[in-house]
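Me: I would like to work through a protein model with you, step by step. Could you answer my questions with the reasoning spelled out?

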Amino acid sequence: MNLIAAADENWAIGKDGGLLAHLPGDMKFFRETTKEKVVVMGRKTLESFPGKKPLKNRVNIVLTRNTDYAPEGVTLCGSVEEALELLKQYDSEDVFIIGGGTVYRAFLPYCKKAYITHIFHTFPADTVFPDLDREPRWKQTKVLGTGEDNGIRYEFRLYEQQPVSDGKGGI
Ligand SMILES: NC(=O)c1ccc[n+]([C@@H]2O[C@H](COP(=O)([O-])OP(=O)(O)OC[C@H]3O[C@@H](n4cnc5c(N)ncnc54)[C@H](OP(=O)(O)O)[C@@H]3O)[C@@H](O)[C@H]2O)c1
């Protein structure tokens with residue numbers, strides 16, 4: 001399972017229900033990386049999309065505890081466990097956790113790769129992502145590219161969760 005997020009220098013990801021900045025190059029990277037894949041999100045992230053509509057050309061899975069919620073074009077899950085069960089039918093490499101803060105946190109332990117757009121800027125924010133540079137299990141392994149929009153620079157970083165050691169030098 002993978003995760004994809006755009007975070008600033010403080011690992012901030014959102015404010016007032018929206019993104020921190022309009023970065024068309026990052027949107028393109030997101031679109032290309034998740035195209036034809038399975039995207040998993042929280043109800044608030046779905047509602048942050050234009051028209052509160054699901055993303056085209058992707059299977060959209062949305063977490064909510066509200067049993068009366070019935071948006072079109074998405075599969076609903078009432079818990080992380082229910083989502084994990086549902087996701088078993090897909091190749092885990094095709095699954096992308098796309099936010100927001102609560103859903104990233106809940107699924108982080110199940111993810112092998114995190115595609116983080118690191119934005120070289122700090123923004124006022126109310127939603128943050130766990131600082132992967134301080135998580136011993138996570139290591140940045142690659143820079144996949146760089147970009148700049150409206151004078152804001154960013155780079156696409158790949159983080160990978162490291163296998164647990166058995167304490168004997170093996171894995
Ligand atoms: N920078 C990025 O890459 C990025 C990506 C995505 C989102 N964002 C930003 O993040 C912010 C939204 O994040 P958020 O943390 O406030 O909200 P969120 O994670 O998008 O959605 C939270 C909602 O999801 C449901 N939910 C969460 N965990 C659940 C669980 N274990 N079981 C069942 N339902 C669960 C609940 O819905 P109900 O209340 O309906 O029960 C909860 O209120 C926005 O500002 C958005 O723009 C940023």
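Me: In what order do the eight strands of the open sheet stand?
Reply: This is a predicted model, in which local features need pLDDT of at least 70 and side-chain atom pairs count only at pLDDT 80 or more, while totals for chains, interfaces and linings use all residues. Residues are numbered from 1 along each chain as its sequence is written. Strands (E, at least two residues) and helices (H or I, at least four) are DSSP runs numbered from the N terminus, and two strands pair if DSSP finds at least two bridges between them. The open sheet has mixed pairing, and its eight strands follow the order 5-4-3-6-1-7-10-9.

Me: Which strands stand at the edges of this sheet?
Reply: An edge strand has a single partner strand, so one of its sides is left without a neighbour in the sheet. In this sheet, that is the situation of strand 5 (75-77) and strand 9.

Me: By what angle are neighbouring strands of this sheet turned against each other on average?
Reply: Axes are lines fitted to C-alpha atoms, for helices over the stretch in contact, and angles run from 0 to 180 degrees between N-to-C directions. For neighbouring strands of this sheet the direction is ignored, and the average turn is 25°.

Me: Which strands does helix 3 touch as it packs on the sheet?
Reply: Two residues are in contact if their C-beta atoms, placed from the backbone, lie within 7 Å. Helix 3 (residues 80-87) has a direction that makes about 135° with that of strand 5. Packing on the sheet, helix 3 touches strand 3, strand 4, strand 5 and strand 6 (95-97).

Me: Which residue in strand 4 stands opposite valine 40?
Reply: Strand 3 and strand 4 (residues 59-63) pair in the parallel sense, over five bridges. Opposite valine 40, in strand 4, stands isoleucine 61.

Me: How many of the twelve residues of strand 9 are buried?
Reply: A residue is buried if 20 or more other C-beta atoms lie within 10 Å of its own, exposed if 12 or fewer, and partly exposed in between, with C-beta atoms placed from the backbone. Strand 9 (residues 138-149) lies largely in the open, because the number of its residues that are buried is one.

Me: Which residue in the turn between strand 9 and strand 10 has a positive phi?
Reply: Strand 9 and strand 10 (residues 152-161) pair in the antiparallel sense over ten bridges, and tryptophan 138 has glutamine 161 in strand 10 as its bridge partner. The two strands form a hairpin with two residues between them. The residue in the turn with a positive phi, of about 50°, is asparagine 150.

Me: Is glutamate 36 buried or exposed?
Reply: Glutamate 36 is found in the loop between helix 1 (24-34) and strand 3, and its phi is positive, near 65°, although the residue is not a glycine. With 8 other C-beta atoms within 10 Å, glutamate 36 is exposed.

Me: Which residues are the closest to the ligand?
Reply: A residue is near a molecule if its C-beta atom, placed from the backbone, lies within 6 Å of it. There are 29 residues around the ligand, and the elements that give two or more residues to this shell include strand 1 (2-7), helix 2 (43-48) and helix 4 (101-107). The closest residues are Gly14, Gly42, Gly99, Gly100 and Gly101.

Me: Which two residues does a cis peptide bond join?
Reply: The bond has an omega of about -5°, and glycine 100 is found in the loop between strand 6 and helix 4. The residues joined by the cis peptide bond are glycine 99 and glycine 100.
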